Structure formats: structure tokens, C-alpha cells
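Open your viewer, switch on a cartoon representation and get your selection box ready. We will take the stops one by one.

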Protein chains: 2
Amino acid sequence: MAVTIKDVAKKAGVSPSTVSRVLSNHPRISAETSRKVKDIMDQLGYHPNIMAKSLVSKTTNSICIMLPKSAEELFSNFFFMELIRGIVTQASRLGYDVLISSGANEKEEVEGVSRLINGRRVDGVILLYSRQDDPVIDFLHDNGHHFVLIGRSEQYPDILSVDNDNVQASYDATKHLVSLGHERIGFVSGPPDLVVSKDRLQGYLDALHDSGLEMRPEWIVEGEFLQESGYRAMSFFMNLPDRPTGLVMIDDVVSFGVLRGLHELKYKVPEDLCLVSFNNIPLSELSTPPLSSIDIGIYNLGYTASQVLIQSIQNNNDSSYQRRQIIPHRLMVRESSMYSISKK
Amino acid sequence: MAVTIKDVAKKAGVSPSTVSRVLSNHPRISAETSRKVKDIMDQLGYHPNIMAKSLVSKTTNSICIMLPKSAEELFSNFFFMELIRGIVTQASRLGYDVLISSGANEKEEVEGVSRLINGRRVDGVILLYSRQDDPVIDFLHDNGHHFVLIGRSEQYPDILSVDNDNVQASYDATKHLVSLGHERIGFVSGPPDLVVSKDRLQGYLDALHDSGLEMRPEWIVEGEFLQESGYRAMSFFMNLPDRPTGLVMIDDVVSFGVLRGLHELKYKVPEDLCLVSFNNIPLSELSTPPLSSIDIGIYNLGYTASQVLIQSIQNNNDSSYQRRQIIPHRLMVRESSMYSISKK
DNA sequence: TCCATTTGTTAAAACGTTTGCACGACTGAT
DNA sequence: ATCAGTCGTGCAAACGTTTTAACAAATGGA
């Protein structure tokens, strides 16, 4: 019923092979034949059957995104949506389709990816974030599949990855507060099994150390990427006898929780507490007060991940491409951190 | 190199057909053979080639989401992410994969969908929102493809769709303000070419009419689903000689713009202006003050869309399933609208 | 005991492409 | 005129499945 390459061939009076060659711009096809076949193709409304093509070429021209089970909890939705936009845009530009896979738990995640990869439905996988020990990474790595990690893996430092320099970014954020005269600076971290939490904590520690500032364990709290975490952290900090005057936070959403709590308790930002956080989601510009935040180039992360993955697929890994791409970050200074501490 | 059905067959000492039948639980396969073949399958690590399967079965077990060009502008990111989660979850439960398609403009959108549908890569399409005249809908409808619209089409009232009763929802929101004694109620709408804008405007008008309240053209403004729109609407309203005391807004993000503007101008919410909006994104609970909002069940919209589409694909449309599914909404009353007007 | 049915399996065709090989028709240098 | 090379095209095999038709063996009712 659907029009196939044979229908086109018959009507054009050529062989199916010729039609196929027209399709792929084979050099040894005469301009005349090419034009004639092409005419017939859109006259009949021909569309190549992608499945048949994949079957013989052993390549699917599609990649998949593994959406972690807890996408709704980790980071903000903006983060994922923006990442997906970047991925889809570049993939589509390079002629690749994007599939979304997910799973309710790690086992399902591996099964899903395995089905797609082993079933030859996708050529490669993009992993959206990096847990400390990720069975999906194990699976992909051990079986030699193409994949790229958005983030960093401690276990496999040599896999393809796209990441920010989170240590440096956090260093910058902390130094920004230091430069304003803050000497008591706290840190609100994320789940400890995420590499990004470790890196950002490290940058904070480095900055304190380089600035000759005191590091106090009670000024460091862990949480989730949720407003509640920020809220809790805030009330913890504000009840401390010797509380910090500045805070670096792992994610904007967490900061919103802090902001909300401070507002409820009638504290003033930035006068009572200066805030700097990460990710620079659009709402951080619109909170009261607007939030200083590190822009990590989310779209760019996704875009580059597509780029790198597809490059790797097409060159079958033997490219001289950088194994690890670093997307630049940039501190956006806004009102929430615009308050200098005068040294006494 | 990859293990195929033939490898399994050879090792098990049966024919490929038998292996295939084991795979599909054919009734006329002996329990013994079945077990033996299954053993060999996971001994060899066999995974069926989905492409080959699709080629002969003429069905792909995947659907695609058409992500509109302006996903980043329309509605909030939360909206899309939540929709996608709902879609992917239910699709995966029903054994379907989900592809994301997008395009920089309407022409590219049609091309993308056409390539996927005509190239037999997907069995159906989910459209994420409804413009007044959408060439993608025309294409899918005219060629008899399976698709479901999240939203409503005025042009094709009989297509499969999943939607809220936006007229009623907006009616409820407006009536809520009326019940608090408000008599001067404004409305901030979205782009006029979106059906959802029309419906919500209609509900607002109906409610005013049923309550015997005055409708003033200057109390209705159009905008985008952006904070800026809310900001602009706010300053327009507040400069009116006879300004409204309550506002119904098409989207939470717009409300944030309004909130921000009011805060800058030192107006108080809800005392100076009561606000009710739509979509109930998580942040609306966390704004200052928390925002009254209509929860439209976004996840449910996506979930149901998958359900309906796949049902339609599998029954080839001749099901007795409702053509149009309505997802219930619910007004979440919060501080932004908790202020009664005493009639003078 | 015989025929009809059921049961378990196989051979082969089909799905719609791509591609290596072959081959005839030119071209142009000898 | 011959030969080597190039050009344009076709044949047929291959990709990994599913499925129809066929068939041998087992079963069982008369």
C-alpha cells in the first residue's frame, strides 16, 4: 500500500538499485536519471522506510536520552527541559532522532537502555547526570557502546563526557562572596552520591582555603535539589550562634527555599545573608531579590553532548575529539549578593 | 557479530521459525522446546532486532511527541517536562518508545512529522498544544494517521484529544473572586491564536455575565506566556483610573511577572489585588505570597494522551473510546486570593 | 482399524532497503 | 583498430525478523 522504492523504480523505468543510489547521491548516477527519479518520487509521495534502511545499514540514526527515575526531584525541571532542547536541536541538525527512555529504578533503567541498544534501535545514549556508581554506565562501558555522560564519572575518567568545571565554578562563587568581605560563608550541597555535589563542595573548600578563611563543618549541609532542602538549611543556619553572612548553594531551586524562609522570618537579603547559587534558571532573575547565580550553559551542555556522541558514533570512537568537553560557566551577579561586609 | 535468531536456532537444534514463536508465546510450542530455546537465548545474550521486527510487522511500537518550536516560550518548562513525564511513563508501561521531534518553524515541524510517520518510524503522534490553524494537524488528519492532540482543535472537533474543560476552569477561577466580593475583575490572556486562550477568556466572560458583573474591554489584555507579559499587564492595570481588584491570569509564569511588578511598586497582594492563575506549577506554592492557581493535572494530561493514542493505534481507531477526554481541574486556593472585598 | 483432528515443527516467502559485482557503452590515448 | 579506463546501470544477495502453508507424528472417536 505504501509506495516503495520498487514502485518508484517501475514507474521510472529503472532498477531499484538506481533509485536507491539517487537517494544517496551516488556519484555515478547521471544527472538526467537523477532528476527523473526524483520527480517520480515526489509525484508518488515516496518516503524511504527507515526501518528497512536501518536493517541493512546496521545504523539507526537515532540516539536516546536516559531520563533518570528522579528527574522530577533532581535539579529543576527547567534544567532537564533545556538540556533536552539542546540535545534534540543538535541531533536533528545532524540528522538524528532522539528517543526518551526512563525507568522507575536502576534495574529498569538498565533494562530499558539494554533493550534499545541491543535491539539496535539506537546508536548511542546520553546520560543526563552522574551518580557515584551507576549500573547504566557499567553496562554501556563494559559492552563498548557509544555513550556520553553529561557530568563526570569518577569510576571511568576516560569516557566521553560533557561537563562544567564545577570545582572552578564553585570556587568563583565563593570567591565572589570573599571579595565582598564575607568571612563566614556556608555551603548547601546536594545528594552526596552525585558527583556534582562533590565537585561544588570541593571548589568551595578550595576557595576558603586559598582565602585563609575558616572552614566550619556546621556551615556545610547536605540536601536534595528541592525547595524544602533550602528551607531546612536556612532555619539550621539562622539558629546557629555564629551564623554565616554568605551562602553558596548547589541549585537555584534550593535557593528559593532559602529565600522563602528568610522572608518568612523577616530577614533581609542580601543585608542579613548574601546568596549565590547555581544553574541560573530564568526564575532566578525574577525572585525577590533577584538571585546571583552561576550560569552553566545548560543548553550548550545538551547541544555539545549530542555533537560529541554523534561524532563518536560516526567515527567509531577513533576520533581525535576531546574525550572530555568543558562548557564554560559565568557568574551572574544580582541583588542577592550585592552587599559588602565592612571588616571590623 | 550480533547474535541473531538463526544463531539461537542452530544452537538449539530447531528452526528460526520455532525460535520466533517461542519469542511470541505461540500456543503450539511445546513447553520443553520453549524452555530449551529460552535458555539458549539468554545463554547467548540474544536480543531481537527491533528494526527487523518492525519491517515485517509494519508496526514500530513507538510514538512521537511534537515539541513545538516555541516550547521555550509557551507555557512554562515545567508544563512540558511534566507532560513528557506523563507521556513517557504510560507509553513505556504499554511497551512503546517515545521519540521527540521538533522544528524551527511550522514547515520543519510538518517535515519532521512526515518523515517519521511516512518513514514508518513511529505509529502515531502526540501534539502538545493547539494553535488555531495548525498545518501539522492538517497533515496528520488528511492522511488518516493516528494522533492525539493535547488541547482542542476548533477546525477538527472530532479528532482524538485530551484536554481540560478550560471554559469551566476559568469560570471557576473567576467565580472564586466573585465569591470574595470582587466586582472589578480583569483577565490576562495568552496569544490569541491558541485555543486555550480563547477558552479561558470565554469562561471568564461567562462568569462575569452570570454574576451580573460589568465586562470592560480595558480589563482584558493579551500577552505571551512570559513573565514580561505579566509585568506589562500589571503596570497597565495599575495605571487605570478605575482599576480591577482581582485578576485571573492564563498562566502561573505570567502571574510571577505581575507579582514582581506589584512588589516593586509596593502594592500588596492580596489586599491591593487578588490573583488567581492557571497550571499550578510547583513554584506557585512558593512565591510570596503563594499563588492561587488552577491545577489542570498536567501529568495526567500526558499520561492519558499516551493511553488514548496507543489504544487508537492498536484498535485501529474503531474503538468505542471517547474521542475527547477531559482531565479534571481543581482550584488551589492560596494566599494571593485570600482577601474579601466588603461591599460598600 | 481407519480417518479426522490436533500438535509441534519446518521451509520459504516476504518486509524495503543497500551494495558488491558484473557488464555494456562510451571515451580517448595508442 | 585496439585497449584501458570510466560511466551508468542492473542483478542478486543480504540484513533479521514474522508468518503462511505444509507436513509428519500423535491422538482419539467411530
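## A walk through the model

Start with chain A and mark two centres over C-alpha atoms: those of domain 1 and domain 3 of chain A are separated by 62 Å. Please keep in mind that this is a predicted model.

To colour the domains, select 5-48 of chain A for domain 1, 62-163 + 298-326 for domain 2, and 166-296 + 331-337 for domain 3.

**Stop 1: the sheet.** Now select the strands of the sheet in chains A and B. You should find an open sheet of twelve strands with mixed pairing, in the order S11(A)-S5(A)-S4(A)-S3(A)-S1(A)-S2(A)-S2(B)-S1(B)-S3(B)-S4(B)-S5(B)-S11(B). Why does strand S11 (324-327) of chain A, like strand S11 (324-327) of chain B, have one side without a neighbour in the sheet? Both stand at the edges with a single partner strand each, so one side of each stays free of a neighbour there. On average, neighbouring strands of this sheet are turned by 25° against each other, ignoring direction.

**Stop 2: one edge.** Zoom in on strand S5 (residues 161-164) of chain A, which pairs with S11(A) in the parallel sense over four bridges. Label A:Ser161 and look across to A:Arg324 in S11(A), which stands opposite.

**Stop 3: where the chains join in the sheet.** Next, pick strand S2 (residues 97-102) of chain A. Its pairing with S2(B) is antiparallel, over three bridges. For a pair to label, take A:Val98, whose bridge partner in S2(B) is B:Ile100.

**Stop 4: the wider contact.** Show the residues on both sides: 37 of chain B are in contact with 36 of chain A. On the chain B side, helix H4 (50-57), helix H5 (77-93), S2, H6 and helix H11 (252-264) each supply at least two residues. H5(B) gives the most, with eight residues. Colour the chain B side by class and you get 18 nonpolar, twelve polar and seven charged residues.

While in chain B, select helix H6 (residues 106-118): this helix lies across strand S1 (62-67), strand S2 (97-102) and strand S3 (124-127) of chain B, running at about 150° to S2(B).

**Stop 5: the DNA.** Finally, select DNA strand C and its surroundings. There are 27 residues around this strand, and the closest are A:Ile5, A:Ser17, A:Ser20, A:Asn49 and B:Ser15. Two or more residues come from each of helix H1 (5-12), helix H2 (16-23) and helix H4 (50-57) of chain A, and from helix H2 (16-23) and H4 of chain B. By class, this surface has twelve nonpolar, eleven polar and four charged residues.

Methods
Residues numbered from 1 in each chain as written. Chains lettered and ligands numbered in written order. Predicted model: local features only at pLDDT ≥ 70, side-chain atom pairs only at ≥ 80, totals over all residues. Pairing = 2+ DSSP bridges. Axes fitted to C-alpha atoms, helices over the stretch in contact; angles between N-to-C directions. Contact = placed C-beta atoms within 7 Å. Nonpolar A, V, L, I, M, F, W, Y, C, P; charged D, E, K, R; others polar. Near = placed C-beta within 6 Å. Domains from an automatic or database assignment.
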